[in-house]
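Hi everyone, thanks for making time this morning. I'd like to walk you through one structure, starting with its cysteines and ending with its pockets.

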Amino acid sequence: MTTSPGFDLERLVATNASAAFNRLVGLEVVSAGAGEVELRLPWRDDLTQYAGHLHAGMIAALLDTACGFAAASIVGSVTASHFSMNCLRPAVGRCFIAKGVTLRMGRRQIFARAELFAENEQGEAALVATGETVLIPLAA
């Protein structure tokens, strides 16, 4: 019997906890598996930009991490080689949900995409940004 080299939810939670930046901002892994992941970040005033919206750097971090963790759920350790994002509206809400999905697996590159939603006080979610990451699997 062979085992998957991918990280299960428990391993991704541990990986997330081992990243000082993720701990600093309070990023949580909600679910993961089979090339998909969901992350959550509660609202924090200290992560905003001058107009009171979530800073674009935080948006990028959420999207890129969702892409990386989605890919890691299949192949294990990865690193990004290219990242892009599109901000669609101001990111304001009680929390943010990043959903990552693995799009295509090659031998040397993995393509993943993520969407970031802002959730309001009523629990309604609005899409605020999208991102794509090209990842490279790391040798074990």
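Here are the cysteines and then the largest pocket. Please keep in mind that what you see is a predicted model.

Let's take the cysteines. How many disulfides does the structure hold? The count is 0. As a reminder, a disulfide is a covalent bond between the sulfur atoms of two cysteines. Counting one here takes two cysteine sulfurs within 2.5 Å, so distance is the thing to check.

Start with C67. Its closest cysteine sulfur is the one in C87, and because 14 Å separates the two, they are too far apart for a bond. Is C67 buried or exposed? C67 is buried, at a relative accessible area of 0%.

Now C95. Here again the closest cysteine sulfur belongs to C87, but the distance is 18 Å, so a bond is ruled out as too far. C95 is buried as well, with a relative accessible area of 1%.

On to the pocket. The largest one has a volume of about 300 Å³. It is lined by 18 residues, and those closest to its centre are T15, T65, G68, F69 and V78. Which elements give two or more residues to that lining? They are α1 (9-18), α2 (20-25), α3 (56-75) and β3 (78-87). The top contributor is α3, which gives 6 residues.

And the chemistry of the lining? It divides into 9 nonpolar residues, 8 polar and 1 charged.

That's my tour, and I'm happy to go back to any part of it.

Definitions and conventions: Residues are numbered from 1 along each chain as its sequence is written. This is a predicted model: local features need pLDDT of at least 70, side-chain atom pairs count only at pLDDT 80 or more; totals for chains, interfaces and linings use all residues. Side-chain values use heavy atoms; hydrogens and water are left out. Buried means under 20% relative accessible area, exposed over 50%, partly exposed in between (1.4 Å probe, protein chains only). On a 1 Å grid over the protein atoms alone, a cavity is a set of points where a 1.4 Å probe fits but cannot get out, and a pocket is an open set with protein on both sides within 12 Å along at least five of seven lines; lining residues have an atom within 4 Å of a point. Grid points are joined across faces, edges and corners, and a volume is the space filled by probe spheres set on the points. Helices (H or I, at least four residues) and strands (E, at least two) are DSSP runs, numbered from the N terminus. Ala, Val, Leu, Ile, Met, Phe, Trp, Tyr, Cys and Pro count as nonpolar, Asp, Glu, Lys and Arg as charged, and the others, Gly among them, as polar.
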